[in-house]
Amino acid sequence: MSEVSRSSEVFVTVEGISRRFVPHVSLGDRIAAALGSPLEQRAVRAVEDVSLSVRRGEVLGLVGESGSGKSTLGRMICGILVPSAGLVRIDGESVMSGGRRPRKTTTRVQMIFQDPYASLDPRMRIGDTIAEGPIAHGLVSKADSLAYVQHWLRRVGLDPDAAPRYPHQFSGGQRQRIAIARALAMKPDVLVCDEPVASLDVSIQAQILNLFLALRQELSLTMLFISHHLGVVRHVSDRVAIMYLGRIVEIGTADAVYTDPQHPYTQALLASVPQLVLEDDKMVSFKPIPGELPSPMAPPPGCHFHLRCTFAQARCRVEPPVLRPAGAQAAACHFAGELQFTR
Amino acid sequence: MTARLLEVRHLATHFFTRAGVVKAVDDVSFDLEVGEVIGLVGESGSGKSMTGYSLLGLIDPPGRIVQGSIKLKGQELVGLPQEALRKLRGRRIAMVFQDPMTTLNPVLTIADQIHLAINAHERVSTATARQRAVDVLTRVGLPDADRRLDAYPHEFSGGMRQRVAIAIALLHRPDVIIADEPTTALDVSIQAQILAEMKSLVRDLGMALIWISHDLAVVSAMASRILVMYGGRIVESGPTASVLRDPRHHYTRGLLNSLPSRAAPGQPLTQISGLPPSLGALPPGCAFHPRCPRADAICLTAPETTGHERRDWRCHHPLTAVSA
Ligand SMILES: Nc1ncnc2c1ncn2[C@@H]1O[C@H](COP(=O)(O)OP(=O)(O)OP(=O)(O)O)[C@@H](O)[C@H]1O
Ligand SMILES: Nc1ncnc2c1ncn2[C@@H]1O[C@H](COP(=O)(O)OP(=O)(O)OP(=O)(O)O)[C@@H](O)[C@H]1O
Ligand code: SF4
Ligand SMILES: [Mg+2]
Ligand SMILES: [Mg+2]
C-alpha cells in the first residue's frame, strides 16, 4: 500500500494513536462500577487506533462530521494533547507517545484554529502576539523582531504597519491572517489547520484558501488540513482521510477518494453534499444518509457505520473492519472493493 | 385580479445607533407567489435576517422600517399595530431560525411547547394538541413522535431540534415560512435530510418559502428564484439557475468564482479582493464599487434596478449575457 512505502519521504507518522476522554465520575457511577457495571464504556473514544503518514511537503486533508475526532487527532499531532496510546513522529523524532507528555513541546508543528477571535489575545498588540514565540525560542532577537513581524504580516497580505494594532481592529478574515502569520513566524515544518476557514464568508474564505495555496508552494509546508467542508478539503489536499466516530474509514489521494469512493460512508457523505444546480427546472433530489450520528459515548459495535449503511451484513454488526487496500486507496469496510454504488 | 401572496416594495429598515444610521435593509423589492420558494443569499451582515425580521414585524428599536410596503394577499403590514402583527405571526407568516433554541424553551417538554404554540392562535384540548403535535412531528420526519413528545429539547440532537422548530412553524399552515439558515449549523448528512423534507413539505402543502442562506449550492437546489443581497440591497434577482449560470452583477459572479468547486483542485480561486462594507458606513453609489473590477466614476452614483422580464440587476456596467 502506498501509505508506508517510500519511507524516505515520510515526514509525519502517526502510529496506532488513540485518545479517550473519561467524563467526571460521579459517586453514583463509582458505586455502580464497584457493583460491576463497567465504567470504561462511558468514556468517549474520540480517536481510536488511527495510523497515517504524511510526506514532506504534502497536504493531508482530514474530513468528518462533528464529533468524529478531527480536532482531537490534530491536537495530538501538534503535541498539545497527550494520546492514551500510540505515538506521533515528526521526521523520525518522537514528539508524543502514549500516556506521556513529551519533555519539551515541539515547535516544529504549529496549529491554526477555527476561531480567530478566540485564538488571539485581545489585550495584546498583534505585533507582540506574532513576535512572542519566535523571541522565546531564539528565532529572532528582540531588536530585530519588528522587522521580522513586518515581514510575516506582508507575507500573509496584511499592512506591515498594522503591527501596533489590537485584534478587535481587524475583520474575521484579517484575524485569521494574523493567526497564520503567528504560526508561520515559528518556522514550523508542519502546520495543522483546524477548520481555518469555517467561520469565514465565502469571498474571504477564497482569499484565505488562496493564501494557503501560495504559502504552501513557497515554504514547502507539510500540512494537515482539517475541515468538515468536503469541497474545501478537495481543493487544498493531495491526500484525504475520512473520519467517522474516531476511526479513519478511508484514506487515499484526493482524486481517488472523491471520484471513486470505496467506503459506503464516504460515498454517502459525498452524495449528501448539495451541488450547484445550473440547469433550469432540474428536479433536485437530496440524498441524505439515513439515521442519526450515533453518540461517541456508545458507538455501535463492529463497524461504527453499520446502523446507517445500506450494505451492512451480520458480520458488520460484530467485527470492526480494518483499513485495507481498495481501488487506488484504502478503506475500512468488510466489502471494500466489492461494492457497486448507484449514483 | 387575485393579489400576489407577498409583495414587498422599496422596503428600508434602518437602525439609528449612536455611531450613525445602519442601513440594514435598503430599497428592497420582490414578489412571492403561492407555493414558490425563493432564496435570499448574501454574505454575513448583508441584511438577510433583517429583511426576514422586517416581514414579520420583529424589528426592535433602535431599528425601524423607515420606508416601503409589505403586502400579504393585498393587506398592508407596514404600520400595523403590534397586536395585529402578533396575530399574523405563526399563523400566516412563520419563521425558522438557524438556532432552534430561539424557538424552543429549554424547560418545557416538546408536547407543552407545541400546545402553547397552538394556543397562541386557537384554544384546543390537551388531547387534541397532542394529536396535532404527533401529526406535525411525523410530517417533518421525526421518528416515534408519539413516544418523544414528553422529552425536553436537550434530549434531542441538533437535527431533531431543528425538526421540532420546523414542525412548530408548520402548525398553523402559514402562507409563508421564512427559513433563516435552518441547516447551516448542522452536519451535512443531517442537512440533506432536512433539505429533502422541507422540499417535499413545501410541495405537498403548497406553502411559499423564503430560504435565507449564504450557501449558493443549497439555494440552487431549493429555490426557483434567487435574490442576491449585498450591503442591504438586492443587487440581482431572477430564476435561480439563470442567475447562477449567467450572472449580470459583478458581485454575483465574484461569489460564484469564490467557490472551491469553480477551480481545478490546487489552483487559485478567482477571489473578490477587499472586505464587505459595514452597513453603517456604506460606500457611496454602488456599495460594491471598491471591490469591483469594472468600477469607474459613474459607480459613485447609485445604479437603479434594471433588467427584463424576471431578471434584474443593479449595476451600471452589467456583465453581458453569455447564454440566452
Ligand atoms: N476535552 C474533552 N473532554 C471530553 N470529551 C471531549 C474533549 N475533547 C473532545 N471530546 C469529545 O471527543 C469527540 C471528538 O471530538 P473532536 O473535537 O475531536 O471532534 P471534531 O471532529 O473536531 O468535531 P467538530 O467538527 O465538531 O469540531 C467528541 O465526542 C467530543 O465531545
Ligand atoms: N440592533 C442593531 N443595532 C445596530 N445594527 C444592527 C442591529 N441589528 C442588526 N444590525 C445590523 O444590521 C446588519 C444586517 O444584519 P443581518 O443580521 O440582517 O445580516 P445577515 O445577512 O443575516 O448576516 P448573517 O449571515 O451573519 O446572519 C448588520 O450589519 C448588523 O450590524
Ligand atoms: S463494514 Fe459493513 S456496515 Fe461498515 S461500511 Fe462496510 S458494509 Fe457498511
Ligand atoms: Mg473540531
Ligand atoms: Mg442572518
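This passage describes the surroundings of three ligands and the packing of one pair of helices in a predicted model.

Ligand 1 is surrounded by 13 residues, of which A:Ser66, A:Gly67, A:Lys70, A:Ser71 and A:Thr72 are the closest. Several of these residues place side-chain atoms at short listed distances from oxygen atoms of the ligand: an N or O atom in the side chain of A:Ser66 lies 2.9 Å from an oxygen atom of ligand 1, an N or O atom in the side chain of A:Lys70 lies 2.8 Å from an oxygen atom of ligand 1, and a polar side-chain atom of A:Ser71 is 2.7 Å from an oxygen atom of ligand 1. On its own, ligand 1 has 630 Å² of accessible area, and the protein covers 62% of that area. Two elements of chain A, strand S2 (44–55) and helix H2 (70–77), each give two or more residues to the shell, and H2(A) gives the most, with three residues. By class, the shell around ligand 1 consists of four nonpolar, six polar and three charged residues.

The shell around ligand 2 comprises 14 residues, the closest being B:Ser44, B:Gly45, B:Lys48, B:Ser49 and B:Met50. Backbone atoms take part here, since a polar backbone atom of B:Ser46 is 3.2 Å from an oxygen atom of ligand 2, and a backbone N or O atom of B:Gly47 is 3.0 Å from an oxygen atom of ligand 2. The side chain of B:Lys48 also contributes, with an N or O atom 2.8 Å from an oxygen atom of the ligand. Taken alone, ligand 2 exposes 640 Å², of which the protein buries 66%. In chain B, strand S1 (6–17), strand S2 (20–32) and helix H1 (48–56) are the elements that supply two or more residues to this shell, and H1(B) gives the most, with three residues. Five nonpolar, six polar and three charged residues make up the shell around ligand 2.

The residues around ligand 3 belong to chain A and include A:His263, A:Cys303, A:His306, A:Cys309, A:Cys316, A:Cys333 and A:His334, together with A:Phe311 and A:Phe335. This shell divides into nine nonpolar and three polar residues, with no charged residue.

Elsewhere in chain A, the axes of helix H3 (residues 126–136) and helix H4 (residues 145–155) come within 9 Å and cross at roughly 110°. H3(A) and H4(A) are therefore roughly perpendicular to each other, and H3(A) passes H4(A) in a right-handed crossing.

Methods:
Residues are numbered from 1 along each chain as its sequence is written. Chains are lettered from A and ligands numbered from 1 in the order in which they are written. This is a predicted model: local features need pLDDT of at least 70, side-chain atom pairs count only at pLDDT 80 or more; totals for chains, interfaces and linings use all residues. Side-chain values use heavy atoms; hydrogens and water are left out. A residue is near a molecule or strand if one of its heavy atoms lies within 4 Å of it. A polar contact is a pair of N or O atoms within 3.5 Å; within protein, one must be able to donate a hydrogen and the other to accept it, and residues adjacent in sequence count only if both atoms are side-chain atoms. Accessible areas come from the Shrake-Rupley method with a 1.4 Å probe; for residues, only the protein chains shown count as cover. Helices (H or I, at least four residues) and strands (E, at least two) are DSSP runs, numbered from the N terminus. Ala, Val, Leu, Ile, Met, Phe, Trp, Tyr, Cys and Pro count as nonpolar, Asp, Glu, Lys and Arg as charged, and the others, Gly among them, as polar. Axes are lines fitted to C-alpha atoms, for helices over the stretch in contact, and angles run from 0 to 180 degrees between N-to-C directions. Angles under 35 degrees count as roughly parallel, over 145 as roughly antiparallel, 65 to 115 as roughly perpendicular and the rest as oblique. A crossing is left-handed if the near helix is turned anticlockwise from the far one by less than a right angle, and right-handed if clockwise.
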